[in-house]
Amino acid sequence: MESLDELLAEELKDIYSAEKQLLRALPKMAKKASAPELKTALQEHTEMTQRQIERLEDVFEALGKPAKAKTCKAMKGLLEEATEIMEEDASDAVLDAGIIAAAQKVEHYEIASYGTVRTWARLCGQEEAANLLQETLDEESQTDERLTELAESIVNPRAEEGGDVEESSAGGSKKSGSKKSSGAKKSSSSKKTGGSKSRR
Ligand SMILES: [Fe+2]
């Protein structure tokens with residue numbers, strides 16, 4: 001690799017792969033989410049991701065390169081962690097908090113990547129590509145903010161209250177009372193984890 005142009009092309013292949021991986025994962029996350037507001041946000045982000053993939057194809061075209069993906073290992077790892085969280089035996093609200101955390105890690109990764117390729121495209125004199133990438137960057141930032149708001153206003157308070165109705169009405173009388181439900185109430189500091197802020 002000798003030039004910024006080449007590095008830009010490589011990074012675009014990475015993010016093209018990342019978006020495609022995410023497109024497959026988001027419906028599973030939406031299905032697993034319980035809070036209707038979170039479900040809707042994830043469903044809408046699925047549609048947005050589809051459009052972002054198409055926009056990336058426009059970027060490749062603007063650069064006169066074929067649209068190719070090169071497996072993004074970072075996204076693969078982030079999504080593996082998301083899957084692990086979703087397989088946890090926890091209350092609905094706690095799972096929702098975990099899903100938001102996973103989704104925000106993904107958004108922050110994308111924000112870092114899009115910010116970088118936007119800047120490189122501009123440096124390389126590729127204004128059209130830079131503008132397209134800026135559009136997606138703005139969308140990712142808005143998604144991140146929406147997730148923070150959801151975490152702070154709905155999901156984290158519920159998770160801290162001790163999860164879903166089913167579990168709390170069981171009153172801890174079940175033999176398995178000590179397992180995951182305690183995680184929901186563990187500490188007040190857990191309240192902050194799902195709401196990382198990233199204001200532009
Ligand atoms: Fe995206």
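User: Let's begin with one pair of helices: are α2 and α5 roughly parallel or roughly antiparallel to each other?

Analyst: They're roughly antiparallel. The label comes from an angle: under 35 degrees is roughly parallel, over 145 roughly antiparallel, 65 to 115 roughly perpendicular, and the rest oblique. Here, helix α2 (residues 36–62) and helix α5 (residues 127–161) cross at roughly 170°, and their axes come within 10 Å. The contact of α2 with α5 involves twelve nonpolar, four polar and seven charged residues. (Nonpolar covers Ala, Val, Leu, Ile, Met, Phe, Trp, Tyr, Cys and Pro; charged covers Asp, Glu, Lys and Arg; the others, Gly among them, are polar.)

Before we go on, this is a predicted model, where local features need pLDDT of at least 70 and side-chain atom pairs count only at pLDDT 80 or more, while totals for chains, interfaces and linings use all residues. Residue numbers start from 1 along each chain as its sequence is written.

User: Where do those angles come from?

Analyst: Two packed helices are described by the angle between their axes and the distance between the axes. Each axis is a line fitted to C-alpha atoms, for helices over the stretch in contact, and the angle between N-to-C directions runs from 0 to 180 degrees.

User: How many helices and strands does the protein chain have?

Analyst: Seven helices and zero strands, so to speak α-α-α-α-α-α-α when you read along the sequence. Helices (H or I, at least four residues) and strands (E, at least two) are DSSP runs, numbered from the N terminus.

User: What share of the 200 residues is buried?

Analyst: In the protein chain, 37% of the 200 residues are buried. You count other C-beta atoms, placed from the backbone, within 10 Å of the residue's own: 20 or more is buried, 12 or fewer exposed, in between partly exposed. Try L22, which sits in helix α1. L22 is buried because 25 other C-beta atoms lie within 10 Å. A62, in helix α2, has 17 other C-beta atoms within 10 Å, so A62 is partly exposed.

User: What do L22 and A62 touch?

Analyst: Two residues are in contact if their C-beta atoms, placed from the backbone, lie within 7 Å. Skipping residues up to four places away in sequence, L22 touches T49, M75 and V106. With neighbours within four places left aside, A62 is in contact with Q126, E128, A129 and L132. Notice the sequence gap too: A62 and L132 are 70 residues apart along the chain, but their C-alpha atoms are separated by 9.6 Å. L22 and H45 are 23 residues apart in sequence, with 9.9 Å between their C-alpha atoms. For the protein chain, take contacts between residues at least 6 apart in sequence: 78% of them join residues at least 24 apart.

User: Which residues of α3 are buried?

Analyst: In α3 the buried ones are M75, L78, L79 and A82. Look down the axis of α3 and these buried residues fall within an arc of 95°, so they line one face of the helix. (The arc is that of the directions from the helix axis to the C-beta atoms.) Turn to the face away from the buried side and you meet the exposed residues K73, G77, E80 and E84. As for length, helix α3 (residues 73–86) has 14 residues and spans 20 Å from first C-alpha to last, close to the expected 20 Å. That expectation is 1.5 Å times one less than the number of residues.

User: Which helices do the buried residues of α3 pack against?

Analyst: They pack against α1 (4–32) and α4 (92–123). Start with α1: its axis and that of α3 come within 10 Å and cross at roughly 10°, which means α1 is roughly parallel to α3. On the α1 side, the contact includes A18, L22 and A25, and on the α3 side it includes M75, L79 and A82. By class, this contact has eight nonpolar, one polar and two charged residues.

User: And how do α3 and α4 pack?

Analyst: Their axes are 9 Å apart, at an angle of about 175°, so α3 and α4 are roughly antiparallel. Among the contact residues are L78 and I85 of α3, with I99 and V106 of α4. The contact of α3 with α4 has eleven nonpolar, one polar and two charged residues.

User: Can we finish with one residue of α3: what does A82 touch?

Analyst: A82 belongs to helix α3 and counts as buried because it has 23 C-beta neighbours inside 10 Å. Not counting residues up to four places away in sequence, A82 touches A25, M29 and A102. A82 and K105 are 9.5 Å apart, C-alpha to C-alpha, and 23 residues apart in sequence.
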